[in-house]
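Student: I have a new model open on my screen and would like to talk it through. Could you help me read it step by step?

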2 protein chains.
Amino acid sequence: MAEVTTSLSIGQVAERTGLSVHALRFYEHEGLFVNPVQRGSGGRRIYSQDDVDWLTVCIILRASGMPLPALRRYADLVRKGAGNEEERLTVLREHQAHVTTQIGRLTECLDLITFKVGVYEDLLDQGGAADHQCHASSPSTDEEQPPISSASS
Amino acid sequence: MAEVTTSLSIGQVAERTGLSVHALRFYEHEGLFVNPVQRGSGGRRIYSQDDVDWLTVCIILRASGMPLPALRRYADLVRKGAGNEEERLTVLREHQAHVTTQIGRLTECLDLITFKVGVYEDLLDQGGAADHQCHASSPSTDEEQPPISSASS
DNA sequence: CTAGGATCTAGAGTCGGCTCTAGGTCAACC
DNA sequence: GGTTGACCTAGAGCCGACTCTAGATCCTAG
């Protein structure tokens, strides 16, 4: 309960967020901060703990694929203050849907990759070297190991 | 059982893979095909069903974030024919690991986004408009709804 | 014969998201 | 008082993965 307001340099914020100082300046330039970043002696940036908290939110949204324009829209809404919670919720829900479908897509891909890994494992287990490129097709559909055509691997 | 070898134009392949004709030429230029793409009258590309099958594998690997250089390495291995199955397996397993961790990261992000969505839903349900920006922090850690500081949203 | 449409090559342009550079200011230390 | 070292601004550069353009060729249909 000692410090009234933590004040951090750009270097310190970079250190504890993992963003580069370049990225921090870039984000500010792009209007991604909710509160204008304070300036100290000689025009140096001074960040608060709130700024860092906000940045961690940004990092999560970015890491899950939210593009900067969407992040800016969200920041704009928060900056305007209370009263637009529905809109914020809309932004979040849209992104939630994107992330969900992305996870779904990746999971499908993973299934196929895992299937192909299994095929190669079997092939190597048997010590058998097929005389040409072998194919690992979709696990679910009608063909399992196509007898003649299809050489993909 | 009629057609001995399906032969497709670049436009037809674009149509059935979803890749653009530009992308198909680009992929060829980048050495991503296992077999050299055949040419017909006037130097036009002729694709086989095998090419299309291979492309669908490529599309899955790309969709799950495999960069072109890795895809090229894999194509190189397949092109060389039987005997390097361990290496192919290594490439696939590495990518499998990448996809798995990526899904994990996205799932973490999704949890936080879902948490924030929940917070906003509650807030709107109660009809209460907080007098300033409210914060939806991490669901797991020590703070749940910080009493005074931290304004992130 | 001509027009339209698909294709060809080589290479330039685009986009998102930073990253880096150049040239300068400022505070602190020896 | 000279040298770090962190910071400043404005703007250029980079990377991956295409996408697009220009200008030519070729096939088909009318």
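Tutor: Gladly! Keep in mind that this is a predicted model. Let's begin with a tyrosine in chain B: B:Tyr27 has a relative accessibility of 9% and counts as buried.

Student: Which residue forms an aromatic pair with B:Tyr27, and is that pair stacked, tilted or edge-to-face?

Tutor: The planes of the two rings meet at 50°, and the centres are 6.2 Å apart. Tilted pairs fall between the limits of 30 and 60 degrees. The partner counts as partly exposed, at 40% relative accessibility. So the pair is tilted, and the partner of B:Tyr27 is B:Phe26.

Student: How many aromatic pairs does the structure hold over all chains?

Tutor: The count over all chains is 6. One of them joins A:Phe33 and A:Tyr47, with ring centres 6.0 Å apart and planes at 45°, so this pair is tilted. To return to your number, the structure holds 6 aromatic pairs.

Student: How many residues apart in sequence are the parts that A:Phe33 and A:Tyr47 tie together?

Tutor: A:Phe33 sits in the loop between helix H2 (21–29) and strand S1 (38–39) of chain A. A:Tyr47 is in the loop between strand S2 (45–46) and helix H3 (49–63) of chain A. The pair therefore ties together parts whose separation in sequence is 14 residues.

Student: Are A:Phe33 and A:Tyr47 buried or exposed?

Tutor: Buried means under 20% relative accessible area. A:Phe33 has 7% relative accessibility, and A:Tyr47 has 0%. So A:Phe33 counts as buried, and A:Tyr47 also counts as buried.

Student: Now the cysteines: how many disulfides are there over all chains?

Tutor: Cysteines do occur, among them B:Cys58, buried at a relative accessible area of 0%. B:Cys109 counts as buried too, at 7% relative accessibility. A search of the whole structure gives a disulfide count of 0.

Student: On to the DNA. Which element gives the most residues to the surface near DNA strand D?

Tutor: In total, 19 residues surround DNA strand D, and the closest include A:Arg25 and B:Tyr27. A polar side-chain atom of A:Arg25 lies 2.7 Å from a phosphate oxygen of the strand, and one of B:Arg62 lies 2.9 Å from a phosphate oxygen. Elements giving two or more residues are helix H1 (10–17) of chain A, plus helix H2 (21–29) and helix H4 (68–80) of chain B. The one that gives the most, with 3 residues, is H2(B).

Student: What kind of atom of DNA strand C does a polar side-chain atom of B:Arg44 lie 3.0 Å from?

Tutor: For DNA strand C, sugar and phosphate account for 70% of the atoms within 4 Å of the protein. B:Arg39 fits that picture, with a polar side-chain atom 3.0 Å from a phosphate oxygen. B:Ser9 likewise has a side-chain N or O atom 3.0 Å from a phosphate oxygen. For B:Arg44, the atom is a base nitrogen.

Student: And which element gives the most to the surface near DNA strand C?

Tutor: This strand has 17 residues around it, with A:Arg62 and B:Gly11 among the closest. By class, they are 6 nonpolar, 5 polar and 6 charged residues. H2 and helix H4 (68–80) of chain A, together with helix H1 (10–17) of chain B, each give two or more residues. With 3 residues, the element that gives the most is H2(A).

How values were computed. Residues numbered from 1 in each chain as written. Chains lettered and ligands numbered in written order. Predicted model: local features only at pLDDT ≥ 70, side-chain atom pairs only at ≥ 80, totals over all residues. Heavy atoms only, no water. Phe/Tyr/Trp six-rings, centres within 6.5 Å; stacked < 30°, edge-to-face > 60°. Helix = DSSP H or I, 4+ residues; strand = E, 2+ residues; numbered from the N terminus. Buried < 20%, exposed > 50% of the residue type's maximum accessible area, 1.4 Å probe, protein only. Disulfide = S-S within 2.5 Å. Near = heavy atom within 4 Å. Polar contact = N/O pair within 3.5 Å; in protein donor to acceptor, adjacent residues only side chain to side chain. Nonpolar A, V, L, I, M, F, W, Y, C, P; charged D, E, K, R; others polar.
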